[in-house]
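Student: I should like to discuss a structure with you. Please display it before we begin.
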Amino acid sequence: MKNSLGTEEAIKLWDQNAEIITANYSEQGDLHREVLLNPTLFKLVENVKQKNILDAGCGEGYLSRIFAKSGASVVAVDFSKNMLDIARKKTPKELNIKYHYGNCEKLEFLDDESFDIIVSNMVIQDLENYKAAIKEMYRLLKSGGSFVFSILHPCFVTPDSGWEKSEDGEKLYWKVDKYFYEGVYEQAYPQGQTDKVLFFHRTLTSYFNAITEAGFILEGLVEPKPSSEMLEKYPSFEEDFRCSDFIVFKLRK
Ligand SMILES: C[S@@+](CC[C@H](N)C(=O)[O-])C[C@H]1O[C@@H](n2cnc3c(N)ncnc32)[C@H](O)[C@@H]1O
């Protein structure tokens, strides 16, 4: 693994792959978002009406649009210009969303304590300096506000993890390796594509320490599983009862 790769290289790949990554997004995002992440995020975020929300690492903006349609005033930030172009094109003018180009590790153009809620969906594991980003979210949040973020589950999705399969392709078990390695690694994304992005792996302990060192209180933790309604719609998600792809944190300032 090349530990020298950082933000610049990571953003180049998000820019390069923006179209292909978002090609299959519906109004609910991709299937993993629809089945696993959205139900968890919406439950943890609660009521967004008339709230100021920051969507940190908004990508093509589906979450911003859902919150804006529910009556929130949304600021959406991403460090990929191509992602922002797609987001702007998909956003009807009447929605209350302001898109900004910026690095979540340092959002100096946004004022202290200006948000009631911050959401960051599947972004923190993409950041070279996740500690700076978590501190930045603390600065931007009003006192008493909540920061909800999802990441790849660091205990299961590691630089060397994946299904071990039998000769005829049956998924035998999920293999995990290199858990205590901390740093950058390349990963084909979306699954099954040859194009790669950069992820930054850290242990669960490191995430917990970064959260508490920033000053947050950890209020909720969810490892999303598919509901029976979602399983009926998408039976292949049955395998998500075998191990968890994601973990979602709810923090309070
Ligand atoms: C997996 S996508 C998630 C996008 C969106 N939140 C979603 O759920 O569809 C990760 C996003 O993080 C953005 N990103 C990566 N590094 C960033 C950084 N340092 N600052 C802001 N955005 C960043 C990428 O450009 C990409 O749009």
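Student: In which loop is the place of Phe 156?
Tutor: This is a predicted model, in which local features need pLDDT of at least 70, side-chain atom pairs count only at pLDDT 80 or more, and totals for chains, interfaces and linings use all residues. Residues are numbered from 1 along each chain as its sequence is written. Helices (H or I, at least four residues) and strands (E, at least two) are DSSP runs numbered from the N terminus. On that basis, Phe 156 sits in the loop between β5 (141–152) and β6 (162–165).

Student: Why is Phe 156 classed as partly exposed?
Tutor: A residue is buried if 20 or more other C-beta atoms, placed from the backbone, lie within 10 Å of its own, exposed if 12 or fewer, and partly exposed in between. Phe 156 is therefore partly exposed, because the number of other C-beta atoms within 10 Å is 18.

Student: Which residues of α1 are buried?
Tutor: The helix α1 (7–22) bends by about 50° at Gln 16 (the angle between axes fitted to the seven residues ending there and the seven starting there). What covers its buried residues includes α4 (81–90) and β9 (196–201). The buried residues of α1 are Ala 10, Ile 11, Trp 14, Ala 18, Ile 21 and Thr 22.

Student: Which element gives the largest share of the shell around the ligand?
Tutor: The ligand is surrounded by 22 residues (C-beta atom, placed from the backbone, within 6 Å of it). The elements giving two or more of them are α1 and β2 (73–78). The largest share, four residues, comes from α1.

Terms used
Contact = placed C-beta atoms within 7 Å.
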